[in-house]
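User: I would like to go through the labels given to this chain and hear the reasoning behind each one.

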Amino acid sequence: YGTLNLPAIVPPGYVFAFVWPLIYILTTLVVLLVWNNQKKVSNFKLIIWLFAINALCNLLWTFLFFNKHY
């Protein structure tokens, strides 16, 4: 990460070590809240699929950015 050409507005690397796990934790908490909701909304499966796609995109982004440098 330190060898990449980054714009001046990019925060220091240690910020990412805090933010990415926070994103995953908060997303997981929201999924659990939706999953455990007593009233299942009509588009419940769509909501769960959207959360799953979001998680996959977050993991893919991390892999592509930090490992493949895309």
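Analyst: This is a predicted model. Its chain has 2 helices and 0 strands.

User: Why is the chain called more spread out than a compact globule?

Analyst: For 70 residues the globule rule gives 11 Å, and the radius of gyration is 16 Å, well over that, so the chain is more spread out than a compact globule. The C-alpha trace spans about 50 × 20 × 15 Å along its principal axes. Buried residues account for 9% of the 70 residues.

User: What makes Trp20 buried or exposed?

Analyst: Buried means under 20% relative accessible area. Trp20 has 16%, so Trp20 counts as buried.

User: And why is Tyr24 called partly exposed?

Analyst: Partly exposed covers the range between the buried cut-off of 20% and the exposed cut-off of 50%. Tyr24 has a relative accessible area of 26%, so the label is partly exposed. Trp20 and Tyr24 both lie in helix H1, 4 residues apart, which is about one turn of the helix.

User: Why is the pair of Trp61 and Phe65 called stacked?

Analyst: Ring centres must lie within 6.5 Å to pair, and planes under 30 degrees apart count as stacked. The centres of Trp61 and Phe65 are 5.0 Å apart and the planes are at 25°, so the pair is stacked. Both residues lie in helix H2, again 4 residues apart. Phe65 is buried at 18% relative accessible area, whereas Trp61 is partly exposed at 41%.

User: How many aromatic pairs are there by this rule, and what makes Trp20 and Tyr24 a tilted one?

Analyst: The count comes to 3 aromatic pairs. Trp20 and Tyr24 are one of them, at 6.2 Å centre to centre with 35° between the planes. An angle that is neither under 30 degrees nor over 60 counts as tilted, so that label applies here.

User: How do you know that Lys45 is exposed?

Analyst: Exposed means over 50% relative accessible area. Lys45, in helix H2 (residues 44-68), has 68%, so Lys45 is exposed.

User: Which residues does Ile48 touch, leaving out those up to four places away in sequence?

Analyst: Ile48 touches Val34 and Trp35. Contact means heavy atoms within 4.5 Å. Ile48 and Trp35 are 13 residues apart in sequence, with their C-alpha atoms 8.0 Å apart in space.

User: What makes Leu22 eligible for the nonpolar surface patch?

Analyst: Patch residues need over 30% relative accessible area. Leu22 has 35%, so Leu22 passes that cut-off. The patch is about 690 Å², and its members include Phe18, Leu22 and Leu32.

Terms used. Residues are numbered from 1 along each chain as its sequence is written. This is a predicted model: local features need pLDDT of at least 70, side-chain atom pairs count only at pLDDT 80 or more; totals for chains, interfaces and linings use all residues. Side-chain values use heavy atoms; hydrogens and water are left out. Patches are made of residues with over 30% relative accessible area and no salt bridge: like charges are joined within 9 Å, nonpolar side chains (Val, Leu, Ile, Met, Phe, Trp, Tyr) within 5 Å. Accessible areas come from the Shrake-Rupley method with a 1.4 Å probe; for residues, only the protein chains shown count as cover. A salt bridge is a side-chain nitrogen of Lys or Arg within 4 Å of a carboxyl oxygen of Asp or Glu. Buried means under 20% relative accessible area, exposed over 50%, partly exposed in between (1.4 Å probe, protein chains only). The radius of gyration is taken over C-alpha atoms; the globule rule is 2.2 Å times the number of residues to the power 0.38. Rings of Phe, Tyr and Trp (its six-membered ring) pair if their centres lie within 6.5 Å; planes under 30 degrees apart count as stacked, over 60 as edge-to-face and the rest as tilted.
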